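Okay, thanks for squeezing me in. Let me put it up on the screen, and then I'll walk you through two spots I've been looking at.

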Amino acid sequence: MKRTVLVIIIILTFLLGVSRIGVIAEGGGSGSLPGSGTETDPNLISTAEQFAEQLSKTDNNAGEMVYYKIINDLDFSGISSWDRIILSNVTIDGDSHKLTGINGSIFNSSGGLFSQGQNQVTIKNLNLYVNLDFNFRSAGALFRQTSSGSEVTIDNCHVYGKIASGNDRIGAFIGTTVGNVTIKNSSINAEISGNDSVGGFIGFSNNNNIVIENCVAQGKVTGQTNVGGFIGNINATNGLIRFTGLFNYLEITGVSSVGGFVGNVSTSTVFEIENLYNVAVLNTSETAYPIGGGISQEFAQLPQIE
């Protein structure tokens with residue numbers, strides 16, 4: 001009898017162990033992610049489905065930063081629909097992986113991978129391959145817009161491909177910025193097209209601080225009015241704009257307010273400009289501005305590099 005009881009106990013112990021292993025394996029699926037979400041132990045994303053599901057939960061995050069790390073190249077071509085995702089107090093480290101298959105019109109409702117960035121957001125070490133068609137105002141590969149009071153940083157991110165729209169405020173990274181934005185160590189090699197306020201990096205910037213440093217722009221930017229190599233249109237009454245270490249190899253085409261770095265600028269904007277290298281080709285029937293329309297004449301003699 002004792003031996004029988006002992007055998008039953010051993011069997012139950014084994015079954016409980018298997019059950020626990022099953023629970024652990026299930027926890028690593030799409031419902032939850034490895035990692036605790038801290039800076040030293042980030043949540044690990046390995047599929048495009050996890051990317052969409054997990055990041056859609058961050059919009060109400062008003063507390064401490066949550067950290068994510070992408071551990072594989074992600075292919076979005078198998079995803080048939082895309083909901084709006086708001087990032088709030090989030091850091092995403094792409095770990096130099098590729099995001100491919102960001103194509104077609106499924107991102108129309110969000111205006112990009114993310115519809116909005118609010119509070120503190122950092123996206124770094126990411127390569128995006130896109131072929132996007134937008135049909136409404138304000139769109140970009142990463143963000144449709146950033147919100148008032150936000151601090152958004154894009155570091156070592158690169159956009160390749162095509163972004164097209166028949167509407168306004170179109171940029172490779174962001175359609176419209178309202179909060180403060182820093183883009184550094186990043187590049188585009190893409191064709192960007194829209195109507196009004198079309199920029200290589202940002203379409204329209206309103207009343208906020210913008211820093212763009214150590215970046216390269218290649219490809220084409222095309223629009224009607226307010227067309228610029230890095231920003232299409234700046235309306236920053238109290239804002240500071242800092243451009244430093246920028247290399248411009250774009251072909252920029254527009255009807256009016258066409259500039260190598262900015263299409264048009266509010267006259268009250270404060271600029272800090274250093275080490276801009278301009279090989280841009282400006283196609284317009286009106287005045288072409290080496291840096292941008294509305295910028296004070298002390299910057300107007302920017303040399304073009306052959």
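So, E274: buried or exposed? Somewhere in the middle, actually: E274 counts as partly exposed, because its relative accessibility is 39%. Keep in mind that this is a predicted model.

Now, who does E274 pair with? Its side chain meets that of R242 in a salt bridge, with 3.4 Å from N to O. That pair links distant parts of the chain, since E274 sits in strand β20 and R242 in strand β17, 32 residues apart.

R242 has another partner, too. The side chains of R242 and E272 also form a salt bridge, this one at 3.2 Å, N to O. E272 is in β20, which covers residues 270–278, and R242 is in β17, residues 240–253, so this pair ties together parts that are 30 residues apart in sequence.

As for accessibility, R242 comes in at 24%, so R242 counts as partly exposed. E272 has 35% and therefore counts as partly exposed as well.

Put those together and you get R242, E272 and E274 linked in a network of salt bridges. How many salt bridges does a search of the whole structure find? Two.

Okay, second spot: S186. You'll find S186 in the loop between β10, residues 180–184, and β11, residues 187–193. Is S186 buried or exposed? Buried, because its relative accessibility is 2%, and the cut-off for buried is under 20%.

What's around S186? Leaving out residues up to four places away in sequence, S186 touches a whole list of residues, including I154, D155, H158, F173, F201 and V216. N156 and C157 are on that list, and so are N214 and C215. With N156 there's a polar detail: a polar atom of the S186 side chain lies 3.2 Å from the backbone nitrogen of N156.

Last bit, the strand that follows that loop. What does β11 pair with? On one count, strand β7, residues 151–165: β7 and β11 run parallel and are joined by seven bridges. As an example, K162 has E191 in β11 as its bridge partner.

β11 also runs parallel to strand β14, residues 210–222, again with seven bridges joining them. There, S187 has V216 in β14 as its bridge partner. And you've met V216 already, among the residues that S186 touches.

That's my two spots. Happy to spin the model around if anyone wants a look.

Definitions and conventions: Residues numbered from 1 in each chain as written. Predicted model: local features only at pLDDT ≥ 70, side-chain atom pairs only at ≥ 80, totals over all residues. Heavy atoms only, no water. Helix = DSSP H or I, 4+ residues; strand = E, 2+ residues; numbered from the N terminus. Buried < 20%, exposed > 50% of the residue type's maximum accessible area, 1.4 Å probe, protein only. Polar contact = N/O pair within 3.5 Å; in protein donor to acceptor, adjacent residues only side chain to side chain. Contact = heavy atoms within 4.5 Å. Pairing = 2+ DSSP bridges. Salt bridge = Lys/Arg side-chain N within 4 Å of Asp/Glu carboxyl O.
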